[in-house]
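Trainee: Hi, have you got a few minutes to go through a structure with me?
Mentor: Sure, let's bring it up.
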Amino acid sequence: MIRTPLRPLARVLKARETGENPDHIEHENRRLRLENMRDAARNQAEGRLLTLALLFLCGFVLLGARMGLLAATAPLELSVGMVEEISSARADILDREGRVLATNLPTHALYAETRRMVDPLRAARELARIFPDIDADRMAARFTDPQRRFIWIRTQLSPEQQQAVHDIGEPGLLFGPRDMRVYPNGRMAAHVLGGARYGQQGVRAAELLGVAGTELFFDNRLRDPEQVNMPLHLSLDLTVQATVTEVLEGGMRMLNAKGASAVLMDVYTGEVISLVSLPDFDPNLRPAPPTEGEPADSPLFNRAVQGYYELGSVMKSFAVAQGLESGSVTPQTMIDTRGPLTWGRFRINDFRNYGPQLSVKDVMVKSSNIGTARIMQDLGAEAQQEFLRKFGFLDPAQIELAEAARSRPLLPERWSDLSVMTISYGHGMSTSPLALAAGYASLVNGGRKITPTLLRRDTVQAGEQIISARTSQQMRLMLHQVVQEGTASFARIAGYPVGGKTGSADKPGPRGGYMKDAVLATFASVFPSHDPRYVLIVTLDEGADTTGPEPRRTAGWTAVPVSAEITRRIAPLLDIRPIRLEAANASFDAAHQSPVGH
């Protein structure tokens, strides 16, 4: 911009020559400048007003278009477009014989549209009569709140409840169709199934999401639209599961145990035929997780999978098997069992004095801690860790349950020579009943590694050969002799030869050390012992036989009788034909005479 001077020199000089007043020139220039400034300011203001008017116009157009769209659309909560993306479809879960374990059942949800309600106060009173947990005054306040247009009242209703609500005659109380997850067998296999809950919800549908167990592990598969019509077949046998549960519950009550578990597994396929953890729950009414106290005290806690315990003498079978596999001992090798076995300030004792020496077979039969520790002394920590790792004891159990991956065995921080000895007889390392079942399956099936599964299989697992067939055959015989001659004599069943090993472990205290008179009793059994097909692990937490003058807490008096009753009742269900004991012994003799036996 070129600024014009108020008193231009040339014009001022010319005005003086002609006798004019130079001030007139200055006044004229000032007037013109002010007019130019007013014109510029007016043009700027007009531009701004025009821009602002255009912005307001666009805003009102958008607002009007949105209001028109909303006016032409159904209310949000009733919008079909919103709920089309919600699918309540979920595949059924069946047992190995095709019996239903979990399925969907059509039901209705209850909600209120307050703008349609005629008498909200009466509706609140009637709902409180139908549903005792509803507070009539609080519900009436919600119905009359001008800020509320839509209220969820119940996510699912029984047919009787739906009819009672219908009889109220309130047009503002509406029903929305949906599916609910139903477990027709109630508590049966609760820890395997886990349970389901509603996820995203609309008035016409609601997602069904798994929260635990196989429902959570297979959640994506069960909700897959392409597979919802293809049921998930589990390895469980519902009839066997019911029998195991019934006997285990009876034994738990009779022995005053605070908890119990049982795992039945096929030794060749790894299929879990039955898995029970007590106390349990009804997945139709799944309780809330505990917020305080010990997790193991909750009925949601799966003792067979999440429970990692020092299981005691049932672990001796693996120490003896390692000695046999390494060639350091044979079943007839004599072991020094003089006690106590002293290691630094620690002493290892036996339950009773077994004399100066025992054969390896008798170390198993009589369950000698000292004998087992001496077998492992020469093998060392590294070899023991590698052997137990092959059997899966040092890693979380692999099974199709969401809880399994979150539970890990407790191992010594420093695997010392003392750890080698104590772990050999089941102390200083924790494992789960499920892992123990898989370990025993591998021990007696010819030596092949077994991975447990809850899915039905028709073929034998082709696992890694972790011990020789010869060692496996020797362990079968020794487990059979434990029942016939040793600590598991109550496991003898007419017609069904059983082999097994007892374990009675003192429970660790919350502040270190071990609790007095608190024993976790375990019996690991295989049947038929001459040709094993199944492994059964039974544990009782703090059970005691009180029929004698003093309480007897060892597994031979608690877990073994319960396991024997389970085996006696399920063997016919598993199509195992009775056999005379003499025939079973003859089978062992024939195996001993075979090349594998040598």
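Mentor: We'll take a few strands first, then a helix and a single serine, bearing in mind that this is a predicted model.

Trainee: Great. Is strand β15 largely enclosed or open?
Mentor: Largely enclosed by the rest of the structure, because ten of its 14 residues, in the run 514-527, are buried.

Trainee: Which way does β14 run against β15, and how many bridges join them?
Mentor: They run antiparallel, with nine bridges between them. One pair to look for is P508 with its bridge partner Y514 in β15.

Trainee: And how is β15 joined to β16?
Mentor: By eight bridges, again in an antiparallel arrangement. V526 stands opposite V535 in β16, and a hairpin of six residues links β15 to β16.

Trainee: Switching to helices: what span should α18 have?
Mentor: Its twelve residues, 559-570, should span 16 Å at 1.5 Å a residue. The end C-alpha atoms are 16 Å apart, so the model agrees with that.

Trainee: Which residues of α18 are buried?
Mentor: A559, V560, V562, S563, A564, I566, T567 and I570.

Trainee: What covers them?
Mentor: The cover includes our strands β14, β15 and β16, along with α10 and β8.

Trainee: Last one: where does S419 lie, and is it buried or exposed?
Mentor: S419 lies in helix α15, residues 417-424. It counts as buried because its relative accessibility is 11%, and the cut-off for buried is under 20%.

Trainee: What is S419 in contact with, leaving aside neighbours within four places in sequence?
Mentor: Q384, P412 and R414.

How values were computed: Residues numbered from 1 in each chain as written. Predicted model: local features only at pLDDT ≥ 70, side-chain atom pairs only at ≥ 80, totals over all residues. Heavy atoms only, no water. Buried < 20%, exposed > 50% of the residue type's maximum accessible area, 1.4 Å probe, protein only. Helix = DSSP H or I, 4+ residues; strand = E, 2+ residues; numbered from the N terminus. Pairing = 2+ DSSP bridges. Expected span 1.5 Å × (residues − 1). Contact = heavy atoms within 4.5 Å.
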